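Colleague: Please take a close look at the part around the ligand. Start elsewhere in the chain if that helps to place it.

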Amino acid sequence: MARDKLVANQQVISVMLNESVTLSAPPSGASQEKQFWRQSGKFSTPMEDDFQREVERLRRRRIERTGIAAIIIYGAFALSDQVMVPDVYLMAWAIRFIIVVPVMLVSTVFYRHFKSAGARELALALCTIITGASLPVIAALSSHPNAVHYQTGITLVVLFGNIILNQRLRSAVATSVILGVLYAFSLHAMRGMSAPIALSNWMFFFAAVSISLFACVRMDQDRRRAYLAHCREEERNAQLSEAVAKLERLSVQDTLTQLYNRREFDRRFALEWGRARRDLAPLALVIVDVDCFKPFNDNYGHPAGDTCLRKVAEALSSVPRRSSDLVARFGGEEFVVLLPETALEEAGKIAERMRIAVLQLQIPHAHSPVAAVVTASFGVAAMVPTAGMREADLLAAADGALYRAKAEGRNRVNGIVAA
Ligand SMILES: Nc1nc2c(ncn2[C@@H]2O[C@H](COP(=O)(O)OP(=O)(O)OP(=O)(O)O)[C@@H](O)[C@H]2O)c(=O)[nH]1
């Protein structure tokens, strides 16, 4: 599931990067803009869906404040009803507060709860249309001369819907057309308004709505550009984090065996040494050396030698269980195992299990005087560090034990308690 999401995101990002060339790094601005338009101003599918979800998330977050603001502004105009439509002002208030305001409230409160994007879009569009339509309806009910100017507020309603409510373009166009037609009818039917004045009012409405639709498109484009920039930044941050993690891994890892490298061993050794000294706890060290590795290399070749080292590394690291234990490649065919809070006896047992694990690999070694398969020798030392002792003392003790294991015939564990 997580992988699917990752793959999907990768697709999104690759689409994004392709499109970002079009949008944010245009070789010639104008032609690239045209290309953007030719693509219908949308991203390709997966990214478009993500973008719409993001826009929707923002709108949902803001819808309550926007809705309340709209209700207050619309309600406030009730103050002018007694002047503009004095003969039907009670009716006007009834339409405002019994029909329109509840519709606005319901749309605002329930917007978040509508499951589908289509339902939410429809709710916004209907709310805008009902609010806008209420004005010509009230104007039509009045026979007062001021009523001819009452419905000009319809322009504000459409502007609010197109710009502040941030409707999708298709909804914005649909509500604008519906309210435009309604307004045209209302102006036409209005007594007391000459045809040129009615036409001029409607032209004003048309111009304002066209400007708002234009702004709607521009805002959509700007949002898309900002979204692209945000996605690219996220992608870069992810790549950067990945690179940092990789570098961190590389700085502590041996490339051949994937075990910790000598640098990481030195760091952890110093750390565990300090801890053991503070806690007066034993610290054990095992040095491992693959037996007769030179003849193995000489006879089977260097690549086979590398494979052998990888397998030995795997076998060694399969034995220690505690998270504080550390298996590292010391260099060449030598490995080192750090065992905090482990006394010599326990460390010897672990080393013996490692010896058997190497033996069980059954890597043929026809040129070894020790066995028919690859073997390893183990030098074990342990101490409770005290003042005056140094890490090098433990290392030297383990090295001495390894030397003895080699001298005694190899393929064995030799251990001493360092003092
Ligand atoms: N393939 C391969 N060989 C390596 C690597 N590092 C060291 N060696 C080889 O390991 C061999 C170590 O040989 P020696 O130090 O003589 O020890 P040995 O033959 O194992 O003999 P004893 O340790 O005494 O049993 C050398 O031939 C190195 O070239 C490596 O990363 N890959």
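Modeller: Ala407 lies in helix α15, which covers residues 391–407. Helices are DSSP runs of H or I with at least four residues, strands are runs of E with at least two, and both are numbered from the N terminus. Ala407 is exposed because just 10 other C-beta atoms lie within 10 Å. The scale runs as follows: buried at 20 or more other C-beta atoms within 10 Å, exposed at 12 or fewer, partly exposed in between, with C-beta atoms placed from the backbone. Ser377 is 30 residues from Ala407 in sequence, and their C-alpha atoms are 10.0 Å apart.

This is a predicted model, where local features need pLDDT of at least 70 and side-chain atom pairs need 80 or more, while totals for chains, interfaces and linings use all residues. Numbering starts from 1 along each chain as its sequence is written. Mean pLDDT (the predictor's confidence in each residue, 0 to 100) is 88 for the chain, and 90% of residues reach 70 or more. Residues 1–38 are another matter: pLDDT stays under 50 there. That stretch has 31 contacts beyond four places in sequence; a contact puts two C-beta atoms, placed from the backbone, within 7 Å. For the complex, the predictor gives an ipTM of 0.91 and a pTM of 0.59.

Now the ligand. Its shell holds 16 residues, taken as those whose C-beta atom, placed from the backbone, lies within 6 Å of it. Asp291, Phe293, Lys294, Gly305 and Gly332 come nearest. Three elements each supply at least two shell residues: β1 (283–290), α12 (293–300) and α13 (302–317). The largest share is that of α13, with four residues. By class, seven shell residues are charged, five nonpolar and four polar. Charged means Asp, Glu, Lys or Arg; nonpolar means Ala, Val, Leu, Ile, Met, Phe, Trp, Tyr, Cys or Pro; the others, Gly among them, are polar.

Next, Thr342. It sits in the loop between β3 (334–340) and α14 (344–359). Thr342 is buried because it has 26 C-beta neighbours inside 10 Å. Leaving out residues up to four places away in sequence, Thr342 touches Pro282, Ala284, Ala347 and Ala382. Pro282 is 60 residues away along the chain, yet the two C-alpha atoms are separated by 5.5 Å.

Gln258 is in another loop, between α10 and α11 (262–279). With 14 other C-beta atoms within 10 Å, Gln258 is partly exposed. Glu314 lies 56 residues from Gln258 in sequence, at 8.9 Å from C-alpha to C-alpha.

Before that loop comes α10, residues 195–252. Its 58 residues should span 86 Å at 1.5 Å a residue, and the end C-alpha atoms are 85 Å apart, so the two agree. The expected span is 1.5 Å times one less than the number of residues. Buried residues of α10 include Asn201, Phe205, Arg224 and Cys231.

An unreviewed UniProt entry places "transmembrane region" features along the chain, among them residues 147–165, 172–191 and 197–217. Such positions use the numbering here, names are shortened, and annotations may be inferred rather than shown by experiment. Residues 147–165 are 84% helix and 0% strand, with end C-alpha atoms 28 Å apart. Residues 172–191 are 90% helix and 0% strand, with ends 30 Å apart.

Overall, the chain has 15 helices and five strands. Of its 419 residues, 33% count as buried.
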